[in-house]
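Me: Please take a close look at one part of this model, the ligand and what lies around it. Then follow the chain outwards from there.

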Amino acid sequence: METRTDLETSATAQVTEVMHPLVQHKLGLLRDVTTTTQMFRQLVNELTLLLTYEATKDLADEEIEIETPLERTAARRISGKKVAVCPILRAGVGMLDAVLSLVPGARVGFIGLFRDEETLEPVEYFVKLPGDIADRDVILLDPMLATGNSTAAAIETVKRAGATSIRLIALIAAPEGIERVHREHPEVLIVVASVDRGLNEKGYILPGLGDAGDRLYGTK
Ligand code: URA
């Protein structure tokens, strides 16, 4: 896929912005204020599928021998750690099925954080992670990397549980969020469909898409 890496937002940032036409087309539809809840949910699923493809491209694999109906041949199979996929509640849950459809053996962890609308600081209210998360490649899901406060807190949570290999898939990131995450967690790989202009005074991404949770679940 066509990507842009190491964006100017941070010299050390490991950020991949997926510029593939399918991704950018679907992102435009997702941003559109006239897109219905049903369509929004479907687009989040499709975009996450495409971003997962990119985010998993360096998973370790190995050569094996298999038998086709005609002869023995070499094939490849993923050989490294198993995957733990961890959506950040609640909007990250809208991305979960897409990852599980590509990595059906993944274990799922949930991290419940909400953003205090005054301080913009994350408040942790629910955490349930696979017991063996330390032995897994962790994929965090959070559609909007805005201030980065809640994402940095979620990364801290999985690290406290022993995780050492961590990737984040977001649909849209603000430069401020990328800076924040990489200041504290420079090794975390971030895969996004877009790095947007910045944040407004309420911490919303501009141009963004509004509140991802509300648009996914039809709440307001
Ligand atoms: N969370 C959202 O859902 N949207 C934003 O723009 C920022 C944080």
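Reply: A polar backbone atom of Ile205 sits 2.8 Å from an oxygen atom of the ligand; a polar contact here is a pair of N or O atoms within 3.5 Å. The model is predicted: local features need pLDDT of at least 70, side-chain atom pairs need 80 or more, and totals for chains, interfaces and linings use all residues. Numbering starts from 1 along each chain as its sequence is written, and side-chain values use heavy atoms, without hydrogens or water.

Two further backbone contacts follow. A nitrogen atom of the ligand is 2.7 Å from a backbone N or O atom of Gly210. Ala212 also offers a backbone N or O atom, 2.7 Å from an oxygen atom of the ligand. On its own the ligand has 240 Å² of accessible area (Shrake-Rupley, 1.4 Å probe), and the protein covers 88% of it.

Now the full shell. Around the ligand stand Arg115, Met144, Ala146, Gly203, Tyr204, Ile205, Gly210, Asp211 and Ala212, each with a heavy atom within 4 Å. Five of these residues are nonpolar, two are polar and two are charged; Gly counts as polar in this scheme. The ligand takes up the space of the largest pocket. A pocket is an open set of points on a 1 Å grid, with protein on both sides within 12 Å along at least five of seven lines. Occupancy requires more than half of the molecule's atoms within 2 Å of those points.

Several shell residues belong to named elements. Ile205 lies in strand S16 (205–206), and Ala212 in helix H6 (212–217). Strands are DSSP runs of at least two residues, helices of at least four. The loop between S16 and H6 holds Pro207. The peptide bond from Leu206 to Pro207 is cis, with omega near 0°. Most peptide bonds are trans. A second cis bond joins Leu89 to Arg90, again with omega near 0°. Arg90 is in the loop between strand S5 (82–89) and helix H3 (96–102).

Met144 leads to a sheet. Strand S10 (144–145) is one edge strand, and S14 (194–195) is the other; each pairs on one side only. The open sheet runs S10-S12-S14, with parallel pairing; pairing takes at least two DSSP bridges. Strand S12 (172–173) is joined to S14 by two bridges. Within that pair, Ile172 faces Ser194.

Key:
A polar contact is a pair of N or O atoms within 3.5 Å; within protein, one must be able to donate a hydrogen and the other to accept it, and residues adjacent in sequence count only if both atoms are side-chain atoms. On a 1 Å grid over the protein atoms alone, a cavity is a set of points where a 1.4 Å probe fits but cannot get out, and a pocket is an open set with protein on both sides within 12 Å along at least five of seven lines; lining residues have an atom within 4 Å of a point.
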